[in-house]
Amino acid sequence: MPLIQVALPTPLRRLFDYWPVAGEPLPVAGVRVKVPFGHRQMIGLVMGITETSELPANRIKAALTYLDTKALFSKPHLDFISWIASYYHQPLGEVVSAALPALLRQGQALHPPQEPRWQLTELGRTTSIEALKRAPRQAALIRTLQTSGLPKTQKSLQSEGFTLAMLQGLESKKLIELQKLATQKKGVGLPQLAPAEHLPTSVLAEVPLKLTSEQQAVVELLVSKVGAFSPALLQGVTGSGKTEVYLQLIQHLLEQGKQVLVLIPEIGLTPQTLKRFERRFNRRVVAMHSGMADKERLTAWRSALEGRASVVLGTRSAIFTPLPKLGLIIVDEEHDSSFKQQEGVRYQARDLAILRAKKENLPVLLGSATPSLESLAKAKEGAYLWLHLKQRPGAGVLVPEPKLLDIRNRHLVGGFSEPLLLAMDKHLKEENQVLVLLNRRGFAPVLMCTSCGWIAGCLHCDARMTWHREPPKLHCHHCDQQQPLPTNCPQCVEGELKPLGAGTERAEETLQARYPDIPVIRLDRDSVKNRNDLASKLDQVARQRPAILLGTQMLAKGHHFPDVTLATLLNADHGLYSSDPRAMERTAQLIIQVAGRAGREEKPGEVIIQTHHSDDPRLEKLCIEGYEALALDLLEERKKINWPPYAYLAMLRAEAPKTEQVEEFMRLLAEQANLLNQEGVTLLGPVPAPMERRQGRYHMQLLLHANKRAPLHRLMARLLAWLEGSAEARRVRWSLDVDPEDLF
Ligand code: ADP
Ligand code: ZN
Ligand code: ZN
């Protein structure tokens, strides 16, 4: 007798065998199933059918019910999901879980059950109200149904004051009846796709812009690649018209009845972005992101699955969306770190986009003004088409060259040097906008006692607490611990407590004091809690001039600020002397992204970067020769130190409430790794994590480094087999991160 193989959301890296549900036809792969698991029930996904099991027949349990009549994922999509599980060494059931909208994970039906509606019978349609004059409420009910002409739910009739008794009374007189619902047909296979004939004939809802010759060439080349796997990197400064290229390429696919998946960074998916896509096409565009309500997300997901959504615009997890007619994948701002999932099922959505395109034989387009070194390396070696947009359409304003402003030995007021403030004066006087980027929230990153040197630290982390003014508190940004501001120094009592350094709140205060009549629009996680806040702030920006836009990373990503003529980064030093080889890449990306905000449309711009190291040759190169020149240097450096993208990494992390527990575990883990390592993988560590104590737990890490991917993966597989059987591993929390990005 055949058995079904089920992926269940458990940490165990295997499939589970069950007897099929008695009396039902065998399910197809991709159908959800409810099964007994230990003392509980779980919802999993059928992955296949098998005739043999490692378990003796009497230990195999029977599945309880199937939750779908049709597969949620096609066979190729299931293969994609299985590949993700094996490449990232994550339990298949957890990858399946990550790929499903929450409501489906919880067992809800793909289609919400329809509420039955009451309608008039033939008799009820023709009956005269007169005949019911002895029952005036019943008569009124009949009249309501007759005048509206539409069936109504019991709920809506009750809200109009009709009771269930009245409904039943009329039903017994055969005047009304419950509408028969079209029952979902039982059957196996994939869901029915929407018939094409219901769609308006033209895919365009507005006239597209006339492309510049540069854009035209790019679109034509990409159109010629449709229908086959073809990865391309589109490198174009901010405002060079990449989005317009996407739109015109998408148009071409929609005309062929295809679906398109567009991945964008967390912060880039604003209502404005969505509107720009919706405005263009006579086809359904759906958003998919973590801020959506579960129901909304399921609706979007279902319309993608059934082929009714033509464009899916989503953040990283949208890479899992089933799209039966997928014709193209676009990853915008492909360098953005939000494409890397850092918890649970750890994956890199940009890499998965390439893989999915390869498996489904599609073109995939990565776009950025500042491509990741990974993508740049591929483009350089010819594995990706390398396309450039060098000009900005329209008045031909170029991206201004960033100027380094050395702040060594300069007095700073709330983070601002005098020359910077003078430059701001000038731009504001000309009624333009100034953008100030500062990558620190709160009022000040440190609260210190000036007489004894006490510093407010977090009880649970090796971190300082940030002083927030609004509302007043100390806040640890690593564990979210919050406490009231001390009125006195807890150590010496009489010393004065002073802020050290500046966050966005302090910068705001400084600017507001200097420019009392100019609006300071602050964008950071404290002032922007959701996408609507962001939209309303961006709306303010669009309406006010002069104005100062002040904020964190949020400001540097994707938005268009046509009135900004001065863009400034208050401190560029963070990445310069970090031990993380990625830090300089990130700093360079940030500087160029900031520069890209200045001088759009008819206004020339200026970009000022404050630093203590204006003579740093890398910064100089970036400012004078541009991002690509520096990035190619950084790539050479990576090659020399044998680091990704020229080498491969995997990170094992562990944490426990006590140092000894995690140390002991890591010692054993390293011992095993050394024992199992037969192919020259280098072990770096174990060492304490960059922040050893976090959220009251001790963290350590062991980095595996290899020149080739395969030996690294074989070692991981062996280590995982050991980890799953080891009692020590159950005493700590451990995780494996393949191609990790945050190491230091
Ligand atoms: P990017 O995505 O590279 O930042 P966009 O596509 O958003 O660039 O274009 C930047 C600005 O230039 C937008 O306001 C857009 O409407 C405009 N634009 C883009 N392409 C053209 C074109 N061919 N002709 C005129 N304006 C254009
Ligand atoms: Zn003190
Ligand atoms: Zn903390």
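1. In this predicted model, the zinc ion (ligand 2) is held by four cysteine sulfur atoms, namely the SG atoms of Cys449, Cys452, Cys489 and Cys492, at 2.2 to 2.3 Å. Along the chain these donors follow the spacing C-x2-C-x36-C-x2-C. Cys449 belongs to strand S18 (residues 446-449), whereas Cys492 sits in the loop between strand S21 (482-483) and strand S22 (497-500), so the pair ties together parts that are 43 residues apart in sequence.

2. What arrangement do the 4 donor atoms around the zinc ion (ligand 2) adopt? The arrangement is tetrahedral, because the angles that the 4 donor atoms subtend run from 105 to 111°, and four donors count as tetrahedral if all angles lie between 85 and 135 degrees.

3. A further site is that of the zinc ion (ligand 3), whose protein donors are the SG atoms of Cys458, Cys461, Cys476 and Cys479, lying 2.2 to 2.4 Å from the metal. The spacing of these donors along the chain is C-x2-C-x14-C-x2-C. The angles subtended by the 4 donor atoms around the zinc ion (ligand 3) are 102 to 116°, and the arrangement is therefore tetrahedral.

4. Turning to ligand 1, the reader will find 17 residues around it, of which Lys210, Gln215, Lys242, Thr243 and His560 come nearest. By character, the residues of this shell divide into 4 nonpolar, 8 polar and 5 charged. Helix H9 (residues 242-255) supplies the largest share of the shell, with 3 residues.

5. Which atoms of Gly239, Lys242 and Arg276 lie at a short listed distance from ligand 1? For Gly239 it is a backbone N or O atom, which lies 2.9 Å from an oxygen atom of the ligand, and for Lys242 a backbone N or O atom again, 2.8 Å from an oxygen atom of ligand 1. Arg276, by contrast, places a polar side-chain atom 2.8 Å from an oxygen atom of ligand 1. Taken alone, ligand 1 exposes 560 Å², and the protein buries 78% of that area.

6. As for the overall layout, the chain is divided into domain 1 (3-105), domain 2 (117-178), domain 3 (213-389), domain 4, which is made of two segments (403-444 + 501-638), and domain 5 (648-738). The centres of domain 4 and domain 5, taken over C-alpha atoms, are separated by 39 Å.

7. Two cis peptide bonds deserve a look when the backbone is inspected. One joins Pro644 and Pro645, with omega at about 5°, and Pro645 is found in the loop between helix H19 (627-640) and strand S27 (648-656). Another runs from Gly685 to Pro686, with omega near 5°, and here Pro686 lies within a strand, S28 (residues 682-694).

8. A last backbone point concerns Glu333, which has a positive phi of about 50° although this residue is not a glycine. Glu333 has its place in the loop between strand S13 (326-332) and helix H12 (349-360).

Methods: Residues are numbered from 1 along each chain as its sequence is written. Chains are lettered from A and ligands numbered from 1 in the order in which they are written. This is a predicted model: local features need pLDDT of at least 70, side-chain atom pairs count only at pLDDT 80 or more; totals for chains, interfaces and linings use all residues. Side-chain values use heavy atoms; hydrogens and water are left out. A residue is near a molecule or strand if one of its heavy atoms lies within 4 Å of it. A polar contact is a pair of N or O atoms within 3.5 Å; within protein, one must be able to donate a hydrogen and the other to accept it, and residues adjacent in sequence count only if both atoms are side-chain atoms. Accessible areas come from the Shrake-Rupley method with a 1.4 Å probe; for residues, only the protein chains shown count as cover. Helices (H or I, at least four residues) and strands (E, at least two) are DSSP runs, numbered from the N terminus. Ala, Val, Leu, Ile, Met, Phe, Trp, Tyr, Cys and Pro count as nonpolar, Asp, Glu, Lys and Arg as charged, and the others, Gly among them, as polar. Domain bounds come from an automatic or database domain assignment. Donors are N, O and S atoms within 2.8 Å of the metal (3.2 Å for Na, K and Ca); water is not among the atoms, so sites may look incomplete. Four donors count as tetrahedral if all angles lie between 85 and 135 degrees; four count as square planar and six as octahedral if opposite donors are over 155 degrees apart and all others between 65 and 115; anything else is irregular.
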